[in-house]
Amino acid sequence: MKKNYSYIWISLIVLVFGIYFVPKIADRFKNASVVESDRLNVANRRELIEIGKAPAFSFTNQENETITNANYDGKVYLVEFFFSTCPTICPIMNENMVKLQNEFHKDDRFAIASITIDPETDTPEHLKEHAKFLGATMKNWHFLTGTEDAIFALAKKYNMYVGKNNDAPGGFEHSGLFALIDKKGMIRSRNMENMEYPIIYYDGTTDEGIKMLREDIQQLIKE
């Protein structure tokens, strides 16, 4: 008899669950009323699109070491073009890059390539001092310099605008974008909601751009 009572109670519990909860779950899907945690879980499973192979480079870092894209093999990394004396967007970009460094510095699978567009000023020695000034302590954060022709040619391959302009603050112009590269050397990006095309690069000057990068770096590191 005790077994029969147990079966009866289990049956009642299942019946109550079905009557009360199943319609509510169905209504949520019918009305598309998901909670924030649901949206975050979907976002975390986002497919990041491959844009193309990141172009090759060979430059000198702040320690006078030759660094190529091969040094980044097996790592998720960011590429930016900047210059140390930039008085406008670079300080914002650098501050945001430091935030990402501080979040991922314990993970050896994350790296950064900051490439100057003013190699005449930004020698390896100057870049080393600039790295200290910014608080760039991560060993995989390389501040890179080379010939102006090679740097500008690389930016063109990335389709990121850089250029000299005597009328611009600091004498140079450039975008505030960060490129996200995966462990296989592929440029990766997400599709924005209600947009047909991927964003390609991330805005390194905005909180929203850095928030997206933080999420997508985490995803790529796990791949």
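Is Cys86 buried or exposed? Select Cys86 first: with a relative accessible area of 6%, this residue is buried (under 20% relative accessible area, against over 50% for exposed and partly exposed in between, with a 1.4 Å probe and protein chains only). The model is predicted, so local features need pLDDT of at least 70 and side-chain atom pairs count only at pLDDT 80 or more, while totals for chains, interfaces and linings use all residues. Residues are numbered from 1 along each chain as its sequence is written, and side-chain values use heavy atoms, with hydrogens and water left out.

Cys86 sits in the loop between β4 (76-82) and α3 (90-104), where helices (H or I, at least four residues) and strands (E, at least two) are DSSP runs numbered from the N terminus. Leaving aside neighbours within four places in sequence, Cys86 is in contact with Pro91 and His174, contact meaning heavy atoms within 4.5 Å.

Next, select Cys90, which lies in helix α3 and is buried, at a relative accessible area of 1%. With neighbours within four places in sequence again set aside, Cys90 has contacts to Phe82, Phe83 and His174.

Now show Cys86, Cys90 and His174 together, since an unreviewed UniProt entry lists these residues under "binding site". They span 89 residues in sequence, yet no two of their C-alpha atoms are more than 10.0 Å apart, so they gather at one spot. UniProt positions follow the numbering used here, feature names are shortened, and annotations may be inferred rather than shown by experiment.
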